[in-house]
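Please work through the exercises below with the sequence and the coordinates at hand. Each task is followed by a solution in steps.

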Amino acid sequence: MSIAEIEVLTARDVPLGGPRAMTVRRTLPQRARTLIGAWCFADHYGPDDVAESGGMDVAPHPHIGLQTVSWLFSGEIEHRDSLGSHAYVRPGELNLMTGGYGISHTEVSTARTTVLHGVQLWVALPEEHRNTARDFQHHAPETVRVDGADLRVFLGSLAGSVSPVRTFTPLLGAELVLDPGATVTLPVDPAYEHGLLVDTGEVRMAGTLLRPAELGYAPTGADALTLVNESDAPARAVLLGGTPFEEEIVMWWNFIGRSHEDIVEAREEWEKESDRFGEVEGYLGDRLPAPALPNARIAPRKNPALH
């Protein structure tokens with residue numbers, strides 16, 4: 001089955017990380033679409049000259065109800081979390097952290113970094129697993145060559161490459177580098193919906209042109225995805241996919257819950273330095289304080305109904 005129509009989601013600029021904020025381009029969530037599979041958050045940043053921008057310095061901050069997925073194109077980020085993990089995010093290597101009931105972490109670009117460029121993604125945990133224990137996984141996928149492109153599959157499976165990283169819902173995450181002018185057709189799972197986030201070049205997804213920082217959405221039902229690099233240089237994109245996530249979620253700050261009360265409770269526990277989130281060792285600086293809650297109840301979100 002072919003894809004009838006591609007929805008184009010444009011990015012908005014958002015400051016990230018408190019007082020030493022860097023600007024990111026955010027394509028998920030937005031009013032038109034909250035999730036693609038269980039992917040609920042997509043930030044795309046760089047290439048930033050850290051001599052000018054100051055790089056990334058995100059102080060200890062909490063998460064509940066989600067997994068964070070860090071993927072770099074250039075640069076290096078030092079990761080520390082309250083599980084005791086101390087790891088580096090490097091180009092072509094996946095760092096996946098599970099927040100579940102509660103975790104805290106820091107992200108700081110290293111002194112070796114001159115240009116910082118990558119994506120930060122979140123995955124919503126389903127109800128039965130959203131209070132799961134803290135976890136951290138690292139994986140460096142091999143590059144797989146298909147006709148017209150190089151792939152690195154960091155979650156799920158594509159083109160015969162399978163990631164060993166554990167997820168709680170069916171997911172796909174892969175970096176694609178398309179040859180100049182190449183047309184690439186990838187077999188995909190028709191039970192999945194897909195999103196293609198373009199980093200460099202211009203890529204036509206099932207006939208619809210996507211420019212850098214745009215995210216193209218393809219609904220379920222297709223068993224193949226055709227991508228065309230319209231540029232005369234290599235084009236890079238990140239392909240996301242998963243089975244539709246039918247649960248309503250409440251997203252606020254760094255928390256994903258199911259109700260306003262979930263968020264209020266998590267915020268209170270972070271502010272009183274509860275054991276729920278643990279402590280991050282080795283970061284020189286203060287924790288990020290939680291912002292003030294909105295005056296109104298935080299409304300649950302889900303994708304718009306299909307017509």
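The exercises that follow concern a predicted model.

**Exercise 1. The nonpolar core**

Determine how many residues the largest nonpolar core has, and which element gives the most to this core.

Solution.
- Step 1. The largest nonpolar core has 33 residues.
- Step 2. Those with the most contacts inside this core are Trp 39, Cys 40, Val 69, Leu 94, Phe 154, Leu 155 and Ile 256.
- Step 3. Two or more residues each come from β4 (39-49), β6 (66-74), β9 (94-98), β11 (115-124), β14 (149-155), β22 (215-218) and β24 (235-242).
- Step 4. The greatest contribution is that of β11, with five residues.
- Step 5. As a general background, nonpolar side chains in soluble globular proteins tend to be buried together.

**Exercise 2. A salt bridge between distant parts of the chain**

Establish where Asp 262 and Arg 130 lie, and classify each as buried or exposed.

Solution.
- Step 1. Asp 262 and Arg 130 form a salt bridge, in which the closest N and O atoms are 3.3 Å apart.
- Step 2. Asp 262 belongs to helix α2, whereas Arg 130 is in the loop between β11 and β12 (135-139). The two residues are 132 residues apart, and the pair links distant parts of the chain.
- Step 3. A residue is buried when its relative accessible area is under 20%. Asp 262, with 17%, is therefore buried.
- Step 4. Arg 130 also counts as buried, because its relative accessibility is 13%.

**Exercise 3. From a pair to a network**

Locate Glu 247 and Arg 258, and identify the residues that salt bridges with shared partners join into one network with them.

Solution.
- Step 1. Glu 247 forms a salt bridge with Arg 258, and the closest N and O atoms are 2.7 Å apart.
- Step 2. Glu 247 is in the loop between β24 and β25 (250-252), and Arg 258 is in the loop between β26 (255-257) and α2, so the pair ties together parts that are eleven residues apart in sequence.
- Step 3. Glu 247 is partly exposed, as its relative accessible area is 27%, whereas Arg 258 counts as buried at 17% relative accessibility.
- Step 4. Through shared partners, salt bridges join Glu 127, Arg 130, Glu 247, Arg 258 and Asp 262 into one network.
- Step 5. A search of the whole structure finds 18 salt bridges.

**Exercise 4. The surroundings of β20 and β21**

Describe the salt bridge of Arg 204, then examine the backbone at Ala 206 and the place of Thr 208.

Solution.
- Step 1. The partner of Arg 204 is Glu 230, and the closest N and O atoms are 2.8 Å apart.
- Step 2. Arg 204 is in strand β20 (residues 203-205), and Glu 230 is in the loop between β23 (224-229) and β24, 26 residues apart.
- Step 3. Both residues are partly exposed: Arg 204 has 30% relative accessibility, and Glu 230 has a relative accessible area of 42%.
- Step 4. Ala 206 lies in the loop between β20 and β21. Its phi is near 50°, a positive value in a residue other than glycine, and Ala 206 counts as partly exposed at 33% relative accessibility.
- Step 5. Thr 208 lies in strand β21 (residues 208-210) and is partly exposed, with a relative accessible area of 23%.
- Step 6. Ala 213 is in the loop between β21 and β22. Phi of Ala 213 is near 80°, again a positive value in a residue other than glycine, and this residue counts as buried at 14% relative accessibility.

**Exercise 5. Cis peptide bonds**

State where Pro 29 and Pro 47 are placed, and give omega for the peptide bond that leads to Pro 29 and to Pro 47.

Solution.
- Step 1. The bond from Leu 28 to Pro 29 is cis, with omega near -5°. Pro 29 is in the loop between β3 (22-28) and β4.
- Step 2. The bond from Gly 46 to Pro 47 is cis, with omega near 5°. Pro 47 is in strand β4.

**Exercise 6. A charged surface patch**

Name the residues of the negative surface patch, and decide whether Glu 281 is buried or exposed.

Solution.
- Step 1. The patch is formed by Glu 271, Glu 273, Asp 275, Glu 279 and Glu 281.
- Step 2. Glu 281 lies in the segment after α2 (260-271).
- Step 3. Exposed means over 50% relative accessible area. Glu 281 has 65% relative accessibility and therefore counts as exposed.

Note on methods: Residues are numbered from 1 along each chain as its sequence is written. This is a predicted model: local features need pLDDT of at least 70, side-chain atom pairs count only at pLDDT 80 or more; totals for chains, interfaces and linings use all residues. Side-chain values use heavy atoms; hydrogens and water are left out. Patches are made of residues with over 30% relative accessible area and no salt bridge: like charges are joined within 9 Å, nonpolar side chains (Val, Leu, Ile, Met, Phe, Trp, Tyr) within 5 Å. Accessible areas come from the Shrake-Rupley method with a 1.4 Å probe; for residues, only the protein chains shown count as cover. A salt bridge is a side-chain nitrogen of Lys or Arg within 4 Å of a carboxyl oxygen of Asp or Glu. Lys and Arg count as positive and Asp and Glu as negative; His and the chain ends are not counted. The place of a charge is taken as NZ of Lys, CZ of Arg, CG of Asp or CD of Glu. Helices (H or I, at least four residues) and strands (E, at least two) are DSSP runs, numbered from the N terminus. Buried means under 20% relative accessible area, exposed over 50%, partly exposed in between (1.4 Å probe, protein chains only). A nonpolar core is a set of buried Ala, Val, Leu, Ile, Met, Phe, Trp, Tyr and Cys residues joined through side-chain atoms within 4.5 Å.
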